[in-house]
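User: I'm in my first year and would like to look around a protein model with you. Please take my questions one at a time.

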Amino acid sequence: MTGTAPVPFTADDYKARMDRAARQAADAGLAGLLVAPGPDLVWLTGYAPPAVTERLTLLVLAAGREPVLVVPTLEAPDAGKATGAPALALRDWTDGKDPYALTAALLDAQGRFGVSDNAWALHLLGLQKTLPGTSYVSLTEALPMLRAVKDAAELERLAAAGAAADAAFEEIRNVRFSGRRESEVAADLAALLRRFGHSQVDFTIVASGPNGANPHHEAGDRRIERGDMVVLDFGGLKDGYGSDTSRTVHVGEPTEEERRVHDLVREAQEAGFRAVRPGAACQDVDRAARAVIADAGYGEYFIHRTGHGIGVTTHEPPYMIEGEEQPLVPGMCFSVEPGVYLPGRFGVRIEDIVTVTEDGGRRLNDTERGMVTVD
């Protein structure tokens with residue numbers, strides 16, 4: 001059960017993205033963008049090199065110029081098959097030649113360039129040595145909103161990924177928790193994500209009892225017991241776009257305090273969601289959710305931001321955190337995931353992916369947010 005395949009992106013789609021990125025770079029005062037293998041390159045061109053390699057691969061974008069992808073000769077055939085390849089020029093280099101000299105010929109020798117965050121230091125330093133007059137800034141710093149506003153086709157894929165994650169939760173709540181290791185339940189979750197169409201599983205957090213007080217707990221050998229609160233946080237990529245959802249379940253009947261804290265986090269999550277609207281600042285979402293928890297006396301136990309963007313990666317800008325004044329724009333997608341973490345006892349987190357609409361927000365996850373009990 002994987003659902004209907006999405007409409008494929010076209011060469012025109014990738015051309016539009018590259019043109020927009022080049023324009024945004026020029027508007028930001030940059031001479032261009034240098035994009036190494038990783039999510040930015042996939043989003044801009046549809047090309048993912050077949051393996052991690054020390055050989056230079058770099059997309060060069062500049063306003064008013066044809067995009068150029070510099071690739072090793074042995075990988076040029078694969079690059080030429082990428083969907084976005086018709087919208088760019090390929091320049092290949094063979095082993096033993098200087099790829100930095102080839103790339104330097106495409107660059108303004110005194111320019112300031114935006115560089116994708118995961119570019120290798122080896123390659124950036126090689127360019128700096130060849131063109132000592134150039135300077136560089138990370139894409140997250142220079143163009144944090146580059147991939148933030150999704151088009152209709154991207155939103156469709158994100159919604160499908162969210163629905164698949166929801167289907168996984170509906171299944172996992174019916175399996176046995178008591179007496180099993182966290183790692184066993186995590187394996188079940190990973191299998192369910194793949195069953196419902198995920199090609200990549202990025203994380204399956206299963207944090208039981210006191211482990212739930214660690215937001216990024218790695219599922220381990222602890223045996224889940226009756227009376228445990230269990231934080232489930234899981235996601236990955238389906239058709240190239242991310243899912244990420246959290247629900248907190250209880251093995252058997254919860255105590256009054258556990259139910260009260262869970263209800264508090266649910267109320268905070270609802271407040272964060274209701275703060276989503278065009279023109280509101282990212283920090284407004286964080287403030288709305290955090291105020292509910294702080295007013296109830298648990299503010300010191302909400303120890304992370306309220307949300308993060310999602311797209312071709314499961315974590316990307318924008319971030320819902322105090323100090324982030326970036327206005328929300330229709331098409332942005334991000335998590336709303338407040339939590340309360342009581343050291344040595346238990347934790348609660350509830351998370352949905354939300355997209356900004358013309359008049360508010362829409363959830364891309366819709367499983368039960370109230371207390372769910374499991375066996």
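User: How many residues line the largest pocket?

Analyst: Picture a 1 Å grid over the protein atoms alone: a pocket is an open set of points with protein on both sides within 12 Å along at least five of seven lines, and a lining residue has an atom within 4 Å of a point. Nearest the centre of the largest pocket lie Ile205, Pro215, His216, Asp233 and His315. They belong to a lining whose full count is 17 residues.

User: What pLDDT do side-chain atom pairs need to count here?

Analyst: Residues are numbered from 1 along each chain as its sequence is written, and side-chain values use heavy atoms, with hydrogens and water left out. The model is predicted, with totals for chains, interfaces and linings using all residues, while local features need pLDDT of at least 70 and side-chain atom pairs need 80 or more.

User: Back to the pocket: which strand gives the most to its lining?

Analyst: The largest pocket holds about 330 Å³ of space, where a volume is the space filled by probe spheres set on grid points joined across faces, edges and corners. To find its main contributor, we need DSSP runs, numbered from the N terminus: helices (H or I, at least four residues) and strands (E, at least two). With three residues in the lining, the top giver is β7 (residues 200-208).

User: How many of the residues lining the largest pocket are charged?

Analyst: Asp, Glu, Lys and Arg count as charged; Ala, Val, Leu, Ile, Met, Phe, Trp, Tyr, Cys and Pro as nonpolar; and the others, Gly among them, as polar. Sorted like that, the lining has five nonpolar and six polar residues, and its charged residues number six.

User: What is the volume of the largest cavity?

Analyst: A cavity is a set of grid points where a 1.4 Å probe fits but cannot get out. There are three of 30 Å³ or more. The lining of the largest has nine nonpolar, two polar and no charged residues, and helix α5 (residues 121-130) gives three of them, the largest share. Its volume is about 60 Å³.

User: And which element gives the most to the lining of the second largest cavity?

Analyst: This cavity has a volume of about 40 Å³, and its lining includes Gly32, Leu33, Val60 and Phe113. β1 and β2 are the elements that each give two or more residues to that lining. Three residues come from the top contributor, β1.

User: Which element gives the largest share of the largest nonpolar core?

Analyst: A nonpolar core is a set of buried Ala, Val, Leu, Ile, Met, Phe, Trp, Tyr and Cys residues joined through side-chain atoms within 4.5 Å; buried means under 20% relative accessible area, exposed over 50%, and partly exposed in between (1.4 Å probe, protein chains only). The largest one has 34 residues, and Met18, Leu33 and Leu44 are among those with the most contacts inside it. Four residues, the largest share, come from α1.

User: Which residue of β4 is the bridge partner of leucine 69?

Analyst: Five of the five residues of β3 are buried, with Leu69 and Val71 pointing one way and Val68, Val70 and Pro72 the other. Strands pair if DSSP finds at least two bridges between them: β3 has three antiparallel bridges to β2 and five parallel ones to β4 (residues 89-93). Across that parallel pairing, the partner of leucine 69 is leucine 90.

User: What is the omega of the cis peptide bond at proline 318?

Analyst: Most peptide bonds are trans. Proline 318 sits in strand β12 (residues 316-320). The cis bond joining it to proline 317 has an omega of about 5°.

User: Is aspartate 239 buried or partly exposed?

Analyst: Aspartate 239 lies in the loop between β8 (229-238) and β9 (241-242). Its phi is positive, near 50°. Its relative accessibility is 33%, so aspartate 239 counts as partly exposed.

User: Which residues is glycine 179 in contact with, leaving aside its neighbours within four places in sequence?

Analyst: Glycine 179 is in the loop between α7 (152-172) and α8 (182-195), and its relative accessible area of 39% makes it partly exposed. Contact means heavy atoms within 4.5 Å. With those sequence neighbours left aside, glycine 179 is in contact with Arg223 and Ile224.
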